[in-house]
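Please open the structure in your viewer and keep the sequence panel beside it. The tour below moves from one selection to the next and says what is found at each stop.

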Amino acid sequence: MNMKAFLKSPVLHGVLVANFSILAIIGLHKYLLGNSSKESILIFSEFVVLPILMGVIAAWFWRDLGLSGKRTVKYACFNSLFAILMSAIFLGEGMICLLIVSPLIFAFSITGTFMGQRMFKKKNQGLNVSIISMLFVVFVVDAVSEHDYQNMVGDEMLIRARPEQVWKHVVAFEKIKQKNDYWLFQIGMPSPMQTTVDGYCKGAGRKCIFSNGYIFDEKIVTYEQNKDLTFDIVAQPLDPEIMGHIDILRGQFLLKDNLDGTTTLIGNSWYKLHVFPVWYYDLWAESITRNVHLRVMDHIKMLSETN
Amino acid sequence: MFDFVVRYFGWLKHLPLAAQVFDVMLKMRQMLAQPEMLDWIDELESEFLSWDGASTSIHRYGGLQFNTAGKELGHLHSNGLLDMCFSKKMKSELLVSGRVKDHHIFKKTGWISFYIRGVEDKAYALELLRMAYLRRML
């Protein structure tokens with residue numbers, strides 16, 4: 001197919017109209033929300049209902065092409081990739097965010113394409129209007145609903161050192177030099193590097209510095225020497241990657257003396273998600289938080305046991 | 001993989017669209033591992049639709065559903081697993097041939113399962129469809 005024919009083809013029209021329709025809906029949704037607190041929230045419908053709708057719209061343009069299953073999958077993949085590119089350009093999403101969101105976009109947009117293909121084969125306008133209306137209703141109900149989800153992730157580690165030896169590395173620690181094992185850190189997600197502290201008491205400021213230079217400002221709210229360090233996150237960087245979609249609220253290290261020269265170190269983090277559906281994004285949030293914990297706790301273990 | 005998901009996550013089929021999304025994932029997998037499977041599915045559908053009164057639809061648990069007179073004859077998942085409904089007598093005759101198996105979930109019914117793995121299996125799948133179709137039409 002030459003360029004002129006490609007530009008006129010229903011395949012390209014389907015991709016362009018589907019993508020720009022979805023962008024228009026997202027734009028309208030953001031505009032209607034204005035400056036409300038909901039503005040920064042990305043709802044379930046944006047990752048499930050809109051990709052399905054995108055697939056259905058594309059299928060309408062492709063309905064007379066007699067596409068085989070293989071070709072439908074290829075075109076639907078192209079449509080999804082285009083949507084991911086649009087998200088990078090118009091929504092300013094970072095590479096890791098796009099990587100995380102892409103399984104949802106692919107799965108639901110290809111499902112939408114096959115659904116649309118079936119819908120338009122039947123030529124039952126009543127049914128088609130009902131399906132599109134149902135998707136619209138789900139989107140509106142989801143858009144006006146409250147979205148608030150907080151979770152806590154906890155991890156434990158046994159350290160062969162007494163609590164007082166562990167404690168001095170819990171409050172603040174030098175740069176972590178170990179290689180990152182977690183694949184998201186390896187491909188560029190910021191990982192914790194160092195922690196500094198203003199003072200060793202309740203109310204003192206603490207800074208958690210990440211590998212890309214980002215700093216989380218923290219305030220110690222519980223300081224029980226050799227037992228409990230709890231801190232609230234008072235300022236965190238707003239990054240187009242993960243950080244814009246999750247707020248870390250509070251962190252905690254608990255030390256349990258096992259009375260045999262060893263200590264159980266417990267790391268807890270509380271966070272709030274700004275992206276939905278929870279059943280998908282919380283898997284990622286838990287995994288990322290857990291790996292942040294483990295990187296710091298492994299470092300504390302190494303320092304405590306070496307000393 | 002399919003059996004694992006059906007066994008441990010089968011309950012998800014009751015969630016709207018979950019089965020359809022799973023079937024799309026099977027399609028994607030086939031596209032990478034055995035793309036000709038998608039052609040065989042198209043060919044089976046096309047041949048089936050040429051029969052009088054035959055129609056296809058999306059199966060509620062994912063895949064392509066074959067119907068006559070508005071009733072389901074069977075369905076084909078996108079990994080090539082064909083599930084067909086026969087009488088118990090026909091099922092026991094088919095089981096003797098050794099090519100089909102008990103349905104992967106409904107063991108004590110007339111349902112059978114048959115995996116399309118090669119082009120010769122596609123021909124047998126069409127034969128099964130024809131048997132089910134004729135049984136329903138006669």
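The stops that follow take in the domains, the sheet, the helices lying across the sheet, and the contact between the chains.

Before selecting anything, bear in mind that this is a predicted model.

**Stop 1: the two domains of chain A**

Begin by colouring residues 3–144 of chain A, which the domain assignment gives as domain 1, and then residues 149–306, which it gives as domain 2. The centres of domain 1 and domain 2 of chain A, taken over C-alpha atoms, are separated by 38 Å. Where the two domains of chain A touch, domain 1 contributes 15 residues and domain 2 contributes 13 residues. On the domain 1 side of this contact, the elements giving two or more residues are helix H3 (44–47) and H6 of chain A, and H6(A) gives the most, with 5 residues. By residue class, that side of domain 1 of chain A divides into 11 nonpolar, 3 polar and 1 charged.

**Stop 2: the sheet**

Next, select the strands of the open sheet in chain A, of which there are 7, arranged in the order S1-S7-S6-S5-S4-S3-S2 with antiparallel pairing. Strand S1 (149–159) and strand S2 (192–197) of chain A are the edge strands, each pairing on one side only. On average, and with direction ignored, neighbouring strands of this sheet are turned by 25° against each other.

Now narrow the selection to strand S6 (residues 246–257) and strand S7 (residues 263–273) of chain A, which pair in the antiparallel sense over 11 bridges. Which residue in S7(A) does Gln252(A) stand opposite? Showing the side chains here will let you find Asn268(A) as the residue opposite Gln252(A).

**Stop 3: the helices across the sheet**

Add helix H8 (residues 163–171) of chain A, which lies across S1, S2, strand S5 (228–235), S6 and S7 of chain A and runs at about 165° to S6(A). Then add helix H10 (residues 278–306) of chain A, which lies across S1, S2, S6 and S7 of chain A and runs at about 30° to S1(A).

**Stop 4: where chain A touches chain B**

Finally, bring chain B into view and select the contact, which takes 11 residues from chain A and 15 residues from chain B. On the chain A side, helix H5 (69–90) and helix H6 (95–122) are the elements that give two or more residues, with the largest share, 7 residues, coming from H6(A). The residues on this side of chain A divide into 6 nonpolar, 3 polar and 2 charged.

Definitions and conventions
Residues numbered from 1 in each chain as written. Chains lettered and ligands numbered in written order. Predicted model: local features only at pLDDT ≥ 70, side-chain atom pairs only at ≥ 80, totals over all residues. Pairing = 2+ DSSP bridges. Helix = DSSP H or I, 4+ residues; strand = E, 2+ residues; numbered from the N terminus. Axes fitted to C-alpha atoms, helices over the stretch in contact; angles between N-to-C directions. Contact = placed C-beta atoms within 7 Å. Nonpolar A, V, L, I, M, F, W, Y, C, P; charged D, E, K, R; others polar. Domains from an automatic or database assignment.
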